[in-house]
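Please walk me through this model step by step, from one stretch of the chain to the next, and explain how its parts fit together.

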Amino acid sequence: MEALILAANENNFIQQLQIFNQENKNSITLSLTYGIEIKKRFVTLLVSKLQTEKFEQEIFECLFALRLCCREQQGLEDVMNLEFIKRILYFAGLIEELKEGNGLIIEEASKCLVNILMRDNQLLTTLILDYDLPKKIINALNNDKLPKSIRFAFGRLIFLITTSEIGTLALESSNVLVTLIKICEEGVQNLKEQSQYVVEALKCIFKISMPLGPLHDKNEEIGKGRPPTPIEAEAFNKISIILQQILFLPREQQYHSLKDACVNCLINVPACCIPVFDPERTLISLIDFLEVQVQVKENPAQALTPVLLVLTSIARQRFDARLILKSRVFPNAAIALEQPNDGVHAPEIISKDNSIGSRLLQHMTSFNIALKHYSCEFIYIIFDECVEDMVKITGFGNAAGFMANRNLFGVLGQLASGQATSVKSTPQRIPTQEELQSEVESAQISHTDSQTAGKAMGFKEFQDEAEAEKLAELIDNLEKKGMIKIIRKDDEKQQ
């Protein structure tokens, strides 16, 4: 980097810059590699070059290098100002409407904008309000004379704009759904070249359509979501056809990111669009996707929460779906339910059969609020909200937290005394769409944070001695009735 600074006026500067770009294209810590001061001087040089350069190759390489530098905050003082941002907007074709343009330069400039605006909400707001950025992006996407390669970077820009309420409103007023549908419709016909464009468009559709989703909580209307406008309903009828096409793609790794984005969008599909879907094939495709996602070890919340939410919603509405889900998720459920009520044999059968259900059991006590909630809720629903069957299949330890949230310990007391066999609980507060989105995007939460989030979301803990004594008495009663088996320290020593 220092050698490039020294060679700024040499004839082979662009060739050296090209080599630098290829060597560092995967780097996200240039300031650690070269030092903050040197990086700052390098950024200053790139800004100066971009202010005066006229040759396309030089512009492209400078934008490429600047994008690498903007992956981290340090040393960007010369970049974070409106005058220079306007220059980047010019290269991206977002100052004047382009009739045609160099797709590589437009794409690189757009990627630079994403990296820059991620770090400055005020700049983003200014571009939305004063430069009508959302409308200009949509106009560029609708310009058939511009290369399709710009769709990826512009999709990222739209997604970034949706993080602002002002930006989301501006996109909605510009009928952005129509543009995103066009990208998806064309993309699914040529996935070999355009799958990335479809993924980015689906991500934007998910964000924009969040108010329609089942977890929408504006004005405390949890789980209701607002009705779609006629334009939105028509758009989602088209989107639903695309989503179904993606779900039915072969079970291959190359389609995984597409299906992942597709399942997120399914969360917000309005009820009026459900008839578009083939119920049986859609359910089987979602179970196949769940089988893949449940094997993910890194960020399991990000992988599992959306598909569990969608499948739980389907199972609530359709009894036949529960039967199919139960047979695929817990193939040995019938055998397990025939075992004694000792809290040992049935969960042991499930935990050792390497099924989808055996892996879900591990997430029932996760520190991740959304993952824990939807793992438990899903299992509870597919077992017809039968507390006895759920406890028998999962084991008392895995189900204890869920039963506390659902106020089901009283039901277990009735089961232990023989006064009840199957009781449905009262609904609890579920995580909001914003909380779910946080899980989908970050999928990580620390132990301390999970306790704080749990309290904020209405999850209860046994915090006083009276409740602890009641729980101990209940567990003792369940053990006497043979419904669970407690292994104590002395027993462990003997074993």
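**A walk through the helices**

Helix α24 is followed by Asn407, a residue whose phi is positive, near 55°. The model in which this appears is a predicted one, and helix α24 itself, which spans residues 396–405, is mostly covered, with 7 of its 10 residues buried. Those buried residues of α24 are Phe396, Ala399, Ala400, Phe402, Met403, Ala404 and Asn405.

Helix α23, residues 387–394, can be described in a similar manner. Because 6 of its 8 residues are buried, α23 is largely enclosed by the rest of the structure. The buried residues in question are Val387, Met390, Val391, Lys392, Ile393 and Thr394, and α23 is followed by Gly395, whose phi is positive, near 90°.

The loop between α22, residues 369–382, and α23 holds Asp384, and Glu385 also has its place in the loop between α22 and α23. Asp384 has a phi near 60°, a positive value in a residue other than glycine, while the phi of Glu385, likewise positive in a residue other than glycine, is near 55°. What is the accessibility of these residues? Asp384 has a relative accessibility of 25% and therefore counts as partly exposed, whereas Glu385, at 15% relative accessibility, counts as buried.

These details belong to a chain with 29 helices and 0 strands. Of its 495 residues, 50% are buried, and among the contacts in the chain with a separation of 6 or more, 71% are made by residues 24 or more positions apart.

The packing of helices comes next. Two packed helices are described by the angle between their axes and the distance between the axes. For helix α4, residues 36–52, and helix α5, residues 56–69, the angle is about 145° and the axes lie 10 Å apart. The crossing of α4 and α5 is left-handed. On the α4 side, the residues that meet α5 are Lys39, Phe42, Val43, Leu46, Lys49 and Leu50, and on the α5 side their partners are Ile59, Cys62, Leu63, Ala65, Leu66 and Cys69. Sorted by class, the residues of this contact of α4 with α5 divide into 10 nonpolar, no polar and 2 charged.

A second pair is formed by helix α8, residues 121–130, and helix α11, residues 165–173, whose axes come within 10 Å and cross at roughly 30°. That angle is why α8 is described as roughly parallel to α11. The crossing in which α8 passes α11 is left-handed. Here Thr125, Ile128 and Leu129 in α8 meet Ile166, Gly167 and Ala170 in α11, and the contact of α8 with α11 has 4 nonpolar, 2 polar and no charged residues.

Helix α8 also contains Thr126, which has 17% relative accessibility and therefore counts as buried. Once its neighbours within four places in sequence are left aside, Thr126 is in contact with Leu82 and Tyr131. Of these partners, Leu82 is 44 residues apart from Thr126 along the chain, and the C-alpha atoms of Thr126 and Leu82 are separated by 8.8 Å.

Another residue that brings separate parts of the sequence together is Ile242, found in helix α14, residues 230–247. Ile242 has a relative accessibility of 4% and so counts as buried. Not counting residues up to four places away in sequence, Ile242 touches Ile181, Cys184, Glu185 and Val188. Glu185 and Ile242 are 57 residues apart in sequence, and their C-alpha atoms are 6.9 Å apart in space.

The cysteines remain to be considered. A disulfide is a covalent bond between the sulfur atoms of two cysteines. How many disulfides does a search of the whole structure find? The search finds 0 disulfides. Why does the sulfur of Cys69 form no bond with the closest cysteine sulfur? That closest sulfur, in Cys70, is 6.7 Å away, which is too far for a bond. Cys69 has 0% relative accessibility and therefore counts as buried. The sulfur of Cys112 also has its closest cysteine sulfur in Cys70, and because the separation is 5.7 Å, the two are too far for a bond. Cys112, with a relative accessible area of 0%, is buried.

Definitions and conventions: Residues numbered from 1 in each chain as written. Predicted model: local features only at pLDDT ≥ 70, side-chain atom pairs only at ≥ 80, totals over all residues. Heavy atoms only, no water. Axes fitted to C-alpha atoms, helices over the stretch in contact; angles between N-to-C directions. Helix = DSSP H or I, 4+ residues; strand = E, 2+ residues; numbered from the N terminus. Parallel < 35°, antiparallel > 145°, perpendicular 65-115°, else oblique. Left-handed = near helix turned anticlockwise from the far one by under 90°. Contact = heavy atoms within 4.5 Å. Nonpolar A, V, L, I, M, F, W, Y, C, P; charged D, E, K, R; others polar. Disulfide = S-S within 2.5 Å. Buried < 20%, exposed > 50% of the residue type's maximum accessible area, 1.4 Å probe, protein only.
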